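I opened this entry to look up how the strands are arranged and what covers them. The notes follow the order in which I checked things.

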Amino acid sequence: MHVLLVEDDEPVAESLLRGLSRYGFDVEWVTTGGAALSHAGPYDVVLLDLGLPDTDGLDVCKALRGRSDVPIIVISARSDETDRVVGLELGADDYVSKPFGVREVIARIRAVMRRVQPRTPSSPDSTPDRYGSRLTVDRRAARVRLDGQEVALAPKEYDLLAFLTEEPGALMSREQIMEAVWDANWFGPTKTLDVHVAALRRKLAGAVTIEAVRGVGFRLEVDTGRDAADS
């Protein structure tokens with residue numbers, strides 16, 4: 001999927017570039033409204049900051065919508081309800097306020113794309129993802145089931161599990177996890193990560209193992225021992 005990122009804040013843009021690229025998105029980054037309007041494309045979705053150096057992002061949104069139906073997700077530090085309403089009325093498909101996490105942006109992109117390109121019932125992506133014989137993660141409904149029973153997860157517990165199960169067995173650094181699950185500009189303590197990992201270990205015991213790699217981060221492994229023992 002091709003993304004046009006219109007953002008003049010370099011740290012925010014670089015964080016989004018890393019996060020989106022990690023999930024397979026092809027990102028083109030421009031820093032001004034003029035560059036966005038002159039970009040030839042093609043692109044499937046636009047991430048548009050409102051606070052651009054050469055023009056108001058709302059004007060860019062209006063111009064883009066006037067010539068194309070491409071999905072537009074506004075990303076802005078402006079949290080005023082008026083800006084949200086105006087942006088949506090001008091044709092934006094969604095609005096994300098800074099600070100935000102990369103996973104939130106990815107979820108918004110996927111939600112918007114589902115609306116403009118509905119999946120057919122036969123699409124393999126319409127079924128929950130299965131990890132071993134015990135655990136399923138339904139990313140469309142944001143639901144987790146263990147042995148067929150829904151597991152009550154806090155929002156960030158779900159986000160953490162969804163992120164770690166994207167690549168079972170892969171070692172994820174604390175920085176990667178905090179950036180993806182919490183906030184692209186997170187500068188606080190990472191103790192909250194340990195708390196959420198402990199909660200997932202407790203709630204999903206026997207289905208997955210979340211291994212701590214000292215000084216680096218965490219690795220999720222799907223447990224298969226019980227499956228074999230029960231067979």
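Before counting any pairing, I took two strands as paired if DSSP finds at least two bridges between them. The model I looked at is a predicted one.

With that cut-off, strand 3 and strand 4 (residues 72–76) count as a pair, since I found four bridges between them in the parallel sense, and within this pairing leucine 47 stands opposite isoleucine 73 of strand 4. On strand 3 I also looked up the pairing with strand 1 (residues 2–6), which is parallel as well and runs over four bridges; here leucine 4 has valine 46 as its bridge partner.

I then followed the whole sheet, which is open and made of five parallel-paired strands in the order 2-1-3-4-5. Strand 2 (26–30) and strand 5 (94–97) are its edges, each pairing on one side only.

Next I asked which way the side chains of strand 3 point. Val45, Leu47 and Asp49 point one way and Val46 and Leu48 the other, and all of them are buried.

I looked up Leu47 again in the largest nonpolar core, which holds 48 residues, and noted that Leu47, Ile109, Val144 and Ile177 touch the most other members. Another core of 18 residues lies apart from it, and Leu52, Val60, Ile72 and Ala92 are among its residues.

Last, I traced the connection from strand 3 through helix 3 (residues 57–67) to strand 4, which makes a right-handed β-α-β unit.

Definitions and conventions
Residues numbered from 1 in each chain as written. Predicted model: local features only at pLDDT ≥ 70, side-chain atom pairs only at ≥ 80, totals over all residues. Heavy atoms only, no water. Buried < 20%, exposed > 50% of the residue type's maximum accessible area, 1.4 Å probe, protein only. Helix = DSSP H or I, 4+ residues; strand = E, 2+ residues; numbered from the N terminus. Right-handed = clockwise from strand over helix to strand, strands pointing away. Core = buried A, V, L, I, M, F, W, Y, C linked by side-chain atoms within 4.5 Å.
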